[in-house]
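Subject: Structure handover

Hi,

Here is the structure for you to look at. Please open it alongside this note.

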Amino acid sequence: SKSDPRLEFQRIRHALSSLEALFTRGLPSASNTQTEPVPGVSLGQPPSERPVQNAVDEKTTPATLATQTDRGFYAGPTSSATQLLGLKRNRGSHDSIPEVVEPGSPVSSLDEKGPEGELLDNLPEWHVVDRLIEFYNDNCTWMNMYILRSTLRNAWERFKSTGKKSRVTMALISTVIAISIQFLPPRDPLFDSLRQEAIASIAELSDWYYEQGCRALVLHESHTRLASLDLVELYLVQIFYLGISKNHAEEIWRIRGCLISAALALGLHRDPSKWQMQQAMAERRRWAWFNALRIERWHAFMFGRPIAIANHHYDTALPSSTDPSDPEAASSRDHLPFIHMFRLTEALGDIMDDLLSVKPVPYERITAHDKTLSQWQDSFPAEVKLDDCDVKQALASDRLSVRRAGIQCLCLRLVGYHCQLAMHRPYATINSVQNSSGGSSSLQAATKAATMIIHLSSTTRHDFLGNPALTVPGHIHWSVLHIFAAAMFLSFQAITRPNQAGVQNVHQNIQKSVATLDALRGIPAADKAVTIVRALTPLFEDNTSSENTTNSKRKRENVLRIVSGLPFPYHDSPPPTVQKSVHTQARRSSSLSTTPPSMPRQLNANSILAGGPALPSTHLIHPQMNFVATQGSPTVAATTYLQSPPSQQNAYQTRNSSMFDTQFLNPGDESV
């Protein structure tokens, strides 16, 4: 019989990918380059065109893959288990590693006859889950494909067909349903199949399904704590869900720690070509590793915390551009935008090493990183290499594939500019500009990056929010933190440099950012962001920062004290009482009841369930995502303070916050 040419091409591509993994390792670390200040490898080059550098002998290097234990968990060169491999080599045994059996965990299945059976009963009808999984694969993975389409489909088919239902798969499917709810268009018929008694809002409904997943995971962990690839993928989608609301940043950080620990225990940081395994499994491991690395480094970047693993501690090759388990995707290039993001993830590792170093870093390293980011920006895949006009048209399109390309292009560009802004911001303060040879260059670069973030977000706002398919919580949440970072940087430039050239352009960009954030009111992070930016505005709009009187200085100090006490985007606000995480609540709950979870309610945009009562709120939600600020909000309080006479201003003072000063004020900048 004739073979399928598509499958043959697929095998050839994966064979080449395995060969490349033996000879290349991607981008070299700028922090380890002593003689060349600029990295010698362009991120725009495909792996096959990258020069081979720092070649090592795997039999002698301390970082070599030694062996895996008999259970399939990774053991490195400092482990006593690796001595067995050396003994085999001395005896002339075959040098290859035995075929890997995915370790998995001991059988952890739901007890369908006991209380755990309620979890199964809480799932929608299976034909509804079929549709939700297809919806998830088609509509929820444009920016974050944390699990391959074929992997998710296969997991669900196994769950339906086997007698013993995996608790981890149960948790995965419940979390995928929760995510899908955040992306469903308003009044989608699927909502009628997802209704739960006493749950009326989209936020509560998605939280409820996420809680079911947490309970299934708790049951699994009560049976075993061993890592598995299924568990890694579950952690990935859990972080995906929590990232939509951005209300539980520390919970994300906790799960991120579990994710990295499991990935390292499974040896995902070593390329699968070291073992004998099927191509589909090798690709699944690569995909899981780079998504775990991306999550770990991005959240470390957002918090300003050290990364967990350096670039020289892993050698996993980038995934293929197609899914080997999906014959329909043999000629597809859908994975290229994600692979391009993975290349940025590698570069971000070197950048974070230098930015968070407690020792002095030569400015040449910052210049090298800036060049790397510029090369990355210039080497987008053709499918998402769109200009501003193309992006606007794509966002307004009725075609799903066109909208997806527009979203991916916009997301990639904003992330790249955010990285450049954060990298140059510490060098763009008044003291750095005056006392450092690179300060002026960093000020110019940071200002350009911030301006581009606001330009992209403001010029695409009407097309984005004018398309009903995109005005759902899952799509509109991710731009807020980029806009906020740009607005804060420009606000402090306007405060500390009121007489700088082009200050009017700075003011205009701040106003654009406020207008864009206002259009996203109802998203928790946007509410916090616009409140802080607006509270800072009077410090430069009325030229307060240029005055030197005692009253003006006191006014500035009090304004900053008020702002520092406001809830901060992406940072958990200190609760009045100790609140347990959703996962902790599920762990300690003795009941598997169907009551809604007790996690803090998130006010998502488009938060009215089709056909159900409105979410109780002090916000008036417009159908097209325009939100009205409410009386009594922190913004109103800050404005009231600024307009009050000095004798009444002390009543509005709040506690000081070191987080605010650390992130946005250089201790040496006395002009604020």
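Below is what came out of the analysis, by topic.

Ground rules

This is a predicted model, so local features need pLDDT of at least 70 and side-chain atom pairs count only at pLDDT 80 or more, while totals for chains, interfaces and linings use all residues. Residues are numbered from 1 along each chain as its sequence is written, and side-chain values use heavy atoms, with hydrogens and water left out.

Overall picture

The protein chain has 28 helices and four strands. Both are DSSP runs numbered from the N terminus: helices are H or I with at least four residues, strands are E with at least two. Of the 672 residues in the chain, 57% are buried. Buried means under 20% relative accessible area, exposed means over 50%, and partly exposed lies in between (1.4 Å probe, protein chains only).

The chain exposes about 28800 Å², and carbon and sulfur atoms supply 52% of that area. Accessible areas come from the Shrake-Rupley method with a 1.4 Å probe; for residues, only the protein chains shown count as cover.

Contact means heavy atoms within 4.5 Å. Take the contacts in the chain with a separation of 6 or more: residues 24 or more positions apart account for 75% of them.

Cores

A nonpolar core is a set of buried Ala, Val, Leu, Ile, Met, Phe, Trp, Tyr and Cys residues joined through side-chain atoms within 4.5 Å. The largest one has 84 residues. L421, F464 and L536 have the most contacts inside it. Helix α20 (residues 480-496) gives this core its largest share, 13 residues. A separate core has 80 residues, including I244, A262, L293 and F338.

L421 touches A446, A449, A450, I453, A485, A486 and F489, leaving out residues up to four places away in sequence.

Two helices

All 17 of the 17 residues of α20 are buried, so this helix is largely enclosed by the rest of the structure. The expected span of a helix is 1.5 Å times one less than its number of residues. For the 17 residues of α20 that should give 24 Å, and the end C-alpha atoms are 24 Å apart, which agrees.

Helix α17 (residues 439-459) has 21 residues. From first C-alpha to last it reaches 30 Å, close to the 30 Å expected. Its buried residues include A446, A449, A450 and I453. Those four also touch L421.

Salt bridges

A salt bridge is a side-chain nitrogen of Lys or Arg within 4 Å of a carboxyl oxygen of Asp or Glu. The whole structure holds 20 of them.

E233 pairs with R284, with the closest N and O atoms 2.8 Å apart. This pair links distant parts of the chain: E233 is in helix α9 (residues 229-245), R284 is in helix α11 (residues 279-303), and they are 51 residues apart. E233 is buried at 4% relative accessibility. R284 is buried too, at 14%.

R286 and E283 form another salt bridge, 3.7 Å from N to O. They are three residues apart in helix α11, so about one helical turn separates them. R286 is buried at 3% relative accessibility, and E283 at 1%.

K392 and D463 meet at 2.6 Å, N to O. K392 lies in helix α14 (residues 388-395) and D463 in helix α18 (residues 461-465), so this salt bridge ties together parts that are 71 residues apart in sequence. K392 is partly exposed, at 30% relative accessibility. Salt bridges with shared partners also join D518, R521, D527 and R534 into one network.

Single residues to check

E296 is in helix α11. This residue is buried, at 0% relative accessibility. Not counting neighbours within four places in sequence, E296 contacts R256, I260, P306, I307 and A308.

R187 sits in the loop between α6 (167-183) and α7 (190-194). Phi of R187 is near 60°, a positive value in a residue other than glycine. Most residues other than glycine have a negative phi. R187 is exposed, with a relative accessible area of 63%.

Cysteines

How many disulfides does the structure hold? Zero. A disulfide is a pair of cysteine sulfur atoms within 2.5 Å. C214 is buried at 0% relative accessibility, whereas C389 is partly exposed at 43%.

Best regards
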